[in-house]
Amino acid sequence: MRLTYYGHSCFLLETGGRRILLDPFVSGNPLATGIDVNSLRCDYIFPTHGHSDHVGDLETVAQNNPEALIVGIWEIHAYYNAKGLRTHPMNKGGWWNFDFGRVKMVNAVHSSSFPDGSYAGEPVGFVFDTEEGCVYFAGDTALTLDMQLIPMTCPALDLAVLPIGSNFTMDYHDAVVASEYLHCQRIVGCHYDSFGFIKIDHTAAQAAFAEKGKELVLMNIGGSLEI
Ligand code: NI
Ligand code: MN
């Protein structure tokens, strides 16, 4: 499976011949000016919550990819379904089998509302369990003991994508603890540097993981990683 970074918390996961886009937010990201949001092609869109830095380009991408299925918590499904987009509802704790593998919706500790003020349910994370590997996207979240449930209820993780920017989410110190809860060696950082509140020291962040025998990967925007 292949992971491509489009900045902030926006990733494309390619597995089983399918393209899965997470948290489409590109055009509002000053660091992602090299990415043309209209060039994004996907079969699925997984928004973790309703904040603009996670769904800012969702409708544009959905219009450009009319067959794409939006998978979100009930309230996010209802919001986009009412706009005529293709959706699949889930809620926390549940698994669903898609044509690329199965997905579990898991807890995240954060808030969630749409840019227009409407209720977006609660924030979530996703575990993707596929034939090519198992990956956890935490979404925006604080460190939470609930992360300990993931290795108890899911296959061993090959990779975890964790927010590390602090202020709005956990910082990289808490993300090191999260990686221990998750029994995961390889972490991809997200939700850092995009704007002033979340700028981090890359060297110090990677050293904090290395000290615990973990690897923190900070991807280049537009760059890809084989998992
Ligand atoms: Ni948020
Ligand atoms: Mn956010």
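The following legends describe close-up views of a predicted model.

**View 1. The nickel ion (ligand 1) and its protein donors.** Four donor atoms surround the nickel ion: NE2 of H49, ND1 of H51, NE2 of H110 and a carboxyl oxygen (OD) of D140, at 2.2 to 2.3 Å. The angles subtended by these four atoms run from 87 to 180 degrees, so the arrangement counts as irregular. Along the chain, the donor residues of this ion follow the spacing H-x1-H-x58-H-x29-D. H51 belongs to the loop between β4 (44–46) and α1 (52–55), and H110 to the loop between β8 (101–107) and β9 (124–130); the pair therefore ties together parts that are 59 residues apart in sequence. H110 has a relative accessibility of 26% and so counts as partly exposed.

**View 2. The manganese ion (ligand 2) and its protein donors.** The manganese ion is held at 2.1 to 2.2 Å by D53 (OD), H54 (NE2), D140 (OD) and H191 (NE2). The sequence spacing of these donor residues is D-H-x85-D-x50-H. H54 is placed in helix α1, whereas D140 is in the loop between β10 (133–137) and α4 (149–153), so this pair ties together parts that are 86 residues apart in sequence. With a relative accessible area of 0%, H54 is buried.

**View 3. D140 as the bridge between the two metal ions.** D140 is a donor to the nickel ion (ligand 1) and also to the manganese ion (ligand 2). The two ions that D140 bridges lie 3.0 Å apart. The relative accessible area of D140 is 2%, and the residue is therefore buried.

**View 4. The largest cavity and its lining.** The model has one cavity of 30 Å³ or more. The space in the largest cavity comes to about 70 Å³. Its lining is made up of S9, F11, L22, D23, T48, H54, F137, A138, G139, D140, V161 and C190. By class, these lining residues divide into six nonpolar, four polar and two charged. Among them are H54 and D140, both of which also serve as donors to the manganese ion (ligand 2).

**View 5. The salt bridge between R2 and E226.** Seven salt bridges are present in the structure. In the one shown here, the side chains of R2 and E226 meet with an N to O distance of 2.9 Å. R2 is in strand β1 (residues 2–5) and E226 in strand β14 (residues 224–226), so that distant parts of the chain, 224 residues apart, are linked. Both partners are partly exposed: R2 has a relative accessible area of 34%, and E226 has a relative accessibility of 49%.

**View 6. The salt bridge between R19 and D43.** The closest N and O atoms of R19 and D43 are 3.3 Å apart. This pair links strand β3 (residues 18–22), which contains R19, with the loop between β3 and β4, where D43 lies 24 residues away. R19 is partly exposed at 31%, and D43 is likewise partly exposed at 23% relative accessibility.

**View 7. The salt bridge between K83 and E59.** The side chains of K83 and E59 meet at 3.2 Å, N to O. K83 lies in the loop between α3 (74–81) and β6 (87–90), and E59 in helix α2 (residues 58–64), the two being 24 residues apart. K83 is partly exposed, with a relative accessible area of 43%; E59, at 28%, is also partly exposed.

Notes. Residues numbered from 1 in each chain as written. Chains lettered and ligands numbered in written order. Predicted model: local features only at pLDDT ≥ 70, side-chain atom pairs only at ≥ 80, totals over all residues. Heavy atoms only, no water. 1 Å grid on protein atoms, 1.4 Å probe; cavity = no way out; pocket = protein on both sides within 12 Å on 5 of 7 lines; lining within 4 Å. Points joined across faces, edges and corners; volume = space filled by probe spheres on them. Nonpolar A, V, L, I, M, F, W, Y, C, P; charged D, E, K, R; others polar. Donors = N, O, S within 2.8 Å, 3.2 Å for Na, K, Ca; no water. Tetrahedral: all angles 85-135°; square planar, octahedral: opposite > 155°, others 65-115°. Helix = DSSP H or I, 4+ residues; strand = E, 2+ residues; numbered from the N terminus. Buried < 20%, exposed > 50% of the residue type's maximum accessible area, 1.4 Å probe, protein only. Salt bridge = Lys/Arg side-chain N within 4 Å of Asp/Glu carboxyl O.
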